[in-house]
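Student: Could we look at this structure together? I would like to learn how each term is justified.

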Amino acid sequence: LNYRMGFFTKRLSTKTLAQELESRGCSCDISSGSNVYSLGLPFGQFTKKSAMGLSAWLSATNLISNSIGILPIYEKQLKENAKSIVESSAIAALFYSTRLTKFNLMKKIVIDVIMKGNAFIYIKRNGQGLPVKLVYLQPGKVSIQYNDLEDKLTYLVSSTKDVKKVVQPEDMLHFLMYSNDGVNGLSVYNYAQRAVNLANSTESSAKEFFDSGCQIKGMLKLKNPLVSDKQRNEIRQNWAQVHSGDSSSGLAVLSGVEEFTPVSTDPDKSQLIETRQYNTAEIARFFNISPVLLGDLSHTSYGDVEQASIDFVLHCIIPWVNMIENEINRKLIEEKTHYIDLDENTLLRSNKTNQANYIKTLVSGGVMTANEARNILDLNPMSGADNLVIPFTKISDNKVNSDGNKTDNNDETKDE
């Protein structure tokens, strides 16, 4: 494996390359077999856990995982071009009967994919091969075994100490969003590590500035040369007592001080606030989320917030929904006319005025029945409201003022 560092080139094994990169302040993830390397920045190293300490990262992760978690799960049937919900679906019920709640289970799936690249759920089956239970597995306890030549995939699960179980792919729900080989998932953190490091360093700089009593570092220039180290220490301690955060006294009594020369940049010149705002926008781009939804309202209006919510569903949530649906359908659904549906329409409910106009247009246009509209509003059905109706006529007739329709204009027609 060739790599270039500085002005020389070496050929190293994967393990040796990982050690070399880490020694040079870089990070390397070879646990998934994907060989993804992220160059570290000179101002320090941070971990995946530190990423969740950033408000923008945590907000983006929660926004996606919570949105997926609240989506209802249905098993639907396609018959004669008509879609219908399967009542008392045993497959859909599996997600509501795990050790975790359905919300927390779906949330864990999304968080694991974001932070670790892979999420796993083991499928327990009965003697007839039918799924009877879903078991959430921590990604760290699952090892992916893939043979390229034979195209054979298995999973090695560490159930107890020194005991590992081989699981076939049809018995494992394996969720991944990004991958180089289609087998080993890559986390969002792998791609965003430099941005996360920059954001963490910005937060550390802000903390250091406020911890120091909002004072910048500098040098004291004395009129007369110091005679001993004791004088130097006394002056340093006296100055630090004034400018060291909570312990400051507010008054420095120094003799022979001529000038203070700062050696660090103040927050205004280093654009600390602007950098923190940029970090929010940068992290938002890795998740396909508008910064508006992460709390950055510096350049926005109410219309922007509403449009950002729509874009969030279209460009961020729907790809996640499709990824999850596809994996569930190919592992849990056997009948070709059946499929699992995560209803993302729940996220598209706008304000009451827009929702009322939307439903009114569909009902009056003969696209939706009154009872279907009432179902959207979580209202009970009423009798006589299951027909598609256009004002003044039934959609089955679809002819206004025809001979077959009874109207008040019949008498006028006869007079003419």
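Student: What makes strand E7 and E8 a pair, and in which sense do they pair?

Tutor: Happy to help, and keep in mind that this is a predicted model. Two strands pair if there are at least two bridges between them. E7, residues 119-125, and E8 are joined over six bridges, in the antiparallel sense. The six bridges therefore satisfy the cut-off of at least two.

Student: Which residue in E8 stands opposite Phe 120?

Tutor: That is Leu 137. Ile 121 also has a bridge partner in E8, namely Tyr 136. The two strands form a hairpin with five residues between them, and in its turn Gly 129 has a positive phi of about 85°.

Student: How do you know that E7 and E12 pair?

Tutor: The cut-off is again at least two bridges. E7 and E12 have four, in the antiparallel sense, and Ala 119 stands opposite Phe 175 in E12.

Student: What is the order of the strands in the open sheet with E7?

Tutor: The order is E8-E7-E12, with antiparallel pairing. E8 (131-137) and E12 (172-175) each have a single partner strand, so they stand at the edges and one side of each is left without a neighbour in the sheet. From one strand to the next, the twist averages 20°.

Student: Why is E7 called mostly covered?

Tutor: A residue is buried when its relative accessible area is under 20%. Five of the seven residues of E7 are buried, hence the description "mostly covered".

Student: Which helix lies across E7, E8 and E12?

Tutor: Helix H5, residues 102-116, lies across them and runs at about 135° to E7.

Student: What makes H5 mostly covered as well?

Tutor: Here 11 of the 15 residues are buried. Among them are Leu 105, Ile 109, Val 113 and Ile 114, and also Lys 102 and Asp 112. After H5 comes Gly 117, with a positive phi near 90°.

Student: How do you know that the length of H5 agrees with what is expected at 1.5 Å a residue?

Tutor: Compare two values: the 15 residues reach 21 Å from the first C-alpha to the last, and the expected value is 21 Å.

Student: What span should helix H10 have, and how far apart are its end C-alpha atoms?

Tutor: H10 covers residues 352-364, which makes 13 residues, and at 1.5 Å a residue they should span 18 Å. Its end C-alpha atoms are 18 Å apart, so the two values agree.

Student: Why can we say that the buried residues of H10 line one face?

Tutor: Gln 355, Ile 359 and Leu 362 are buried. Seen down the helix axis, the buried residues fall within an arc of 65°, so they line one face of H10. What covers them includes helix H11 (370-376).

Student: Which residues are exposed on the other side of H10?

Tutor: Exposed means over 50% relative accessible area. Thr 353, Lys 360 and Thr 361 are exposed there.

Student: Which residues touch the most other members of the largest nonpolar core?

Tutor: That core has 52 residues, and those touching the most other members are Trp 57, Ile 64, Ile 68, Ile 114, Phe 175, Phe 287 and Trp 320. Helix H9, residues 302-332, gives the most to this core, with 10 residues.

Student: With which residues is Phe 287 in contact, leaving aside neighbours within four places in sequence?

Tutor: Contact needs heavy atoms within 4.5 Å. By that test, the partners of Phe 287 include Trp 57, Ile 64, Ile 114, Val 188 and Cys 316. Apart from the largest core lies another core of 10 residues, among them Tyr 155, Val 157, Val 167 and Val 183.

Student: Where else does Val 157 appear, and which residue stands opposite?

Tutor: Val 157 is in E10, opposite Val 142. Strand E9 (residues 142-147) and strand E10 (residues 152-160) run antiparallel and are joined by six bridges. With at least two needed, E9 and E10 therefore count as a pair.

Student: What makes strand E6 and strand E17 edge strands?

Tutor: They belong to an open sheet in the order E6-E5-E17. E6 (82-85) and E17 (338-342) each pair on one side only. The twist averages 35° from one strand to the next in this sheet.

How values were computed: Residues are numbered from 1 along each chain as its sequence is written. This is a predicted model: local features need pLDDT of at least 70, side-chain atom pairs count only at pLDDT 80 or more; totals for chains, interfaces and linings use all residues. Side-chain values use heavy atoms; hydrogens and water are left out. Axes are lines fitted to C-alpha atoms, for helices over the stretch in contact, and angles run from 0 to 180 degrees between N-to-C directions. The expected span of a helix is 1.5 Å times one less than its number of residues. Buried means under 20% relative accessible area, exposed over 50%, partly exposed in between (1.4 Å probe, protein chains only). The arc is that of the directions from the helix axis to the C-beta atoms. A nonpolar core is a set of buried Ala, Val, Leu, Ile, Met, Phe, Trp, Tyr and Cys residues joined through side-chain atoms within 4.5 Å.
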